[in-house]
Structures are given as C-alpha cells and as structure tokens.
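The following note is offered to a colleague who wishes to examine this structure residue by residue. Please read the numbered points with the coordinates open.

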Amino acid sequence: MPADLHGDVLDDLGSRIVSGELAEGEVLTLAQLEAEYGASRTLVREAVRVLESMGMLASRRRVGITVQPRSRWDEFDAEVIQWTLRGPDRQQHLEALMELRVAVEPMAAGLAARRASAEQRVEIRRLAEVLDDLGRRGLGDTGPYLDADLAFHSLVLAASGNPLLAALERPVREVLAGRTRLGLHPSTPAPGTLEQHLRVAVDIAGGDAAAAEQHSREHLSGVWGEIAPER
C-alpha cells in the first residue's frame with residue numbers, strides 16, 4: 001500500500017496491530033515495512049517511534065520491532081481508542097469506556113458543584129440548554145450536538161478541580177465522538193437524556209453536590225444501558 005505521509009503509515013500500522021492482524025510477539029523490520037508501504041525509512045521509523053511511545057511496539061537491536069501485548073499499551077491515547085473503535089473489539093471497548101465514565105463522571109459532577117467557578121457554572125448550564133434545544137429538534141446525531149456534548153462533559157471534568165479526573169477528558173471525548181462517527185448516536189436522544197444534562201447543570205450551578213452526583217450517575221447509567229442493553 002503506497003503511503004506518502006507519516007500519518008498514513010501510522011494509522012494503518014496501528015489499526016493492524018489493534019485488529020490483531022499483526023499479533024502480539026510478531027517481529028517486524030524497518031526494511032520489511034518500507035517495502036510494504038512504499039514509504040521512506042524516515043517515515044516508517046517515525047511511525048514506529050510513535051507506536052513505541054504508545055507501548056504498542058518495542059525495538060531491540062538484533063531482534064527487530066516486536067508487537068507488544070495489549071497490557072503495555074497506553075489505553076487512554078486517543079489514537080489507540082480510535083483504532084479500537086474501528087476494529088473487531090468495538091463493542092467491548094465501548095462498554096469498557098462507558099464503565100470508566102460511570103465510575104468517574106458522577107464524582108466529578110459532585111466535585112464541580114463544590115469547586116466550579118462562577119463562569120464554569122454558567123457555561124455548563126448554557127451547554128446543557130444548547131443540548132436540550134438541539135436534541136428536541138432531532139439533531140442529536142449532528143456535529144453541533146456532538147461539539148456541545150464534548151464541551152459539556154469536558155467542562156464538568158475540568159470544573160471538578162481534580163487534575164487526574166480532568167485528564168480523563170481524552171477517553172471521554174473519544175467515546176462520545178466514536179459513537180457519533182460510528183452512527184450509534186440517535187438523532188433524538190433517548191428519553192431522559194436531555195433532562196438529565198439539565199438537572200446536572202442546575203445542580204452544579206446551585207452547588208448541590210449530592211444531587212449533581214446522583215443525576216450524573218442516572219444519566220450515564222442510561223447511556224450505558226443503550227450501549228450494553230444486556231448488562
């Protein structure tokens with residue numbers, strides 16, 4: 001497959017590793033990859049270097065480039081998430097990402113009710129109202145809805161005041177964006193979704209930590225049920 005850009009080689013090679021086409025323990029060489037992709041050694045080496053930084057490959061002299069077990073991958077890397085959501089384990093990974101969200105976002109909402117700045121409280125409420133308007137107009141599967149949804153959940157995490165929770169923005173953004181890219185987000189959000197966004201926003205604005213956590217958990221549990229209806 002000819003490739004002229006570093007991104008082309010990186011994307012294809014990463015996808016092949018995630019899908020299992022290049023299995024754990026398989027050994028590659030730069031020369032082999034150069035020939036396969038029709039790319040320069042510089043481009044191939046740079047793609048390999050990026051995948052090494054994600055824990056997906058490891059290079060050793062006189063051994064070659066070895067595909068690493070998934071336990072060593074950076075599971076929070078945006079590209080790893082994207083490749084997985086395009087691969088055969090998509091459903092399993094969507095469920096795993098939702099389990100993470102259910103575990104951490106309600107706590108973030110509760111903390112945001114205590115710690116958010118006045119500006120953050122106003123913006124969270126505004127974004128919830130934007131989502132409500134777009135969703136009621138049947139635009140839940142559009143770019144503007146996705147943008148507002150990403151901004152809402154990212155801001156709740158940031159407003160928690162906990163940098164470790166805020167760092168989970170990447171996987172949260174990817175599961176939201178991934179559902180839309182894969183056509184899994186309904187044009188009209190499931191019953192209760194819009195109302196729960198608004199309740200969480202009102203709770204955060206009013207400083208009610210217990211209610212914010214409860215309504216966030218109810219909202220995310222509903223979404224979790226949409227993704228894994230047999231759980």
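1. Leucine 33, in this predicted model, is in contact with Leu13, Leu28, Gly38, Val44, Val48 and Ile65, once its neighbours within four places in sequence are left aside. The residue belongs to helix α2, which spans residues 30-37. Its relative accessible area is 2%, so leucine 33 counts as buried. Between the C-alpha atoms of leucine 33 and methionine 54 there are 19 Å, the two residues being 21 places apart along the chain.

2. Two of the contacts of leucine 33, Leu28 and Ile65, lead to the sheet. Leucine 28 stands opposite isoleucine 65 of β3. Strand β1 and strand β3, the latter covering residues 64-67, are paired in the antiparallel sense over two bridges. Isoleucine 65 in β3 is also the bridge partner of serine 59.

3. In what order do the three strands of the open sheet lie? The order is β1-β3-β2, and the pairing is antiparallel. The edge strands, each pairing on one side only, are β1 (27-28) and β2 (57-60). Strands β2 and β3 run antiparallel and are joined by four bridges. In general, the strands of a sheet pair through backbone hydrogen bonds, in either a parallel or an antiparallel manner.

4. Helix α3, made up of residues 41-53, lies across β2 and β3. Its direction is at about 115° to β2.

5. The loop between β2 and β3 deserves a separate remark. Three residues lie between the strands of this hairpin, and arginine 62 has its place in the loop. Most residues other than glycine have a negative phi. Arginine 62, although it is not a glycine, has a positive phi of about 65°. Is this residue buried or exposed? Arginine 62 counts as exposed because its relative accessibility is 79%, and the cut-off for that class is over 50%.

6. Two packed helices are described by the angle between their axes and the distance between the axes. For helix α4 (residues 78-86) and helix α5 (residues 90-115), the axes come within 7 Å and cross at roughly 135°. The arrangement of α4 relative to α5 is therefore oblique. On the α4 side the contact is made by Ile81, Thr84 and Leu85, and on the α5 side by Arg90, His93, Leu94 and Leu97. Sorted by character, the residues of this contact are four nonpolar, two polar and one charged.

7. A second helix pair is formed by α7 (residues 143-159) and α10 (residues 193-206), whose axes are 12 Å apart and which pack at an angle of about 35°. Their crossing is left-handed. From α7, the residues Tyr145, Asp149, Phe152, His153 and Val156 meet Thr193, Leu194, His197, Val200, Ala201 and Ile204 of α10. This contact divides into seven nonpolar residues, three polar and one charged.

8. Threonine 193 lies in helix α10 and takes part in the contact with α7. Which residues does threonine 193 touch, not counting those up to four places away in sequence? They are Tyr145, His219 and Glu226. The relative accessible area of threonine 193 is 11%, so the residue is buried, the cut-off being under 20%.

9. Histidine 219 carries the description on to helix α11, which spans residues 209-227. Apart from its neighbours within four places in sequence, histidine 219 is in contact with His153, Thr193, Gln196 and His197. Two of these, His153 and His197, also belong to the contact between α7 and α10. Histidine 219 counts as buried because its relative accessibility is 8%.

10. Some values for the whole chain complete the note. The chain holds 11 helices and three strands, and from the N terminus on its elements run α-β-α-α-β-β-α-α-α-α-α-α-α-α. Along the principal axes, the C-alpha atoms fill a box of roughly 60 × 35 × 35 Å. Of the 231 residues in the chain, 46% are buried. Among contacts between residues at least 6 apart in sequence, 69% join residues at least 24 apart.

How values were computed. Residues numbered from 1 in each chain as written. Predicted model: local features only at pLDDT ≥ 70, side-chain atom pairs only at ≥ 80, totals over all residues. Heavy atoms only, no water. Axes fitted to C-alpha atoms, helices over the stretch in contact; angles between N-to-C directions. Parallel < 35°, antiparallel > 145°, perpendicular 65-115°, else oblique. Contact = heavy atoms within 4.5 Å. Nonpolar A, V, L, I, M, F, W, Y, C, P; charged D, E, K, R; others polar. Left-handed = near helix turned anticlockwise from the far one by under 90°. Pairing = 2+ DSSP bridges. Buried < 20%, exposed > 50% of the residue type's maximum accessible area, 1.4 Å probe, protein only.
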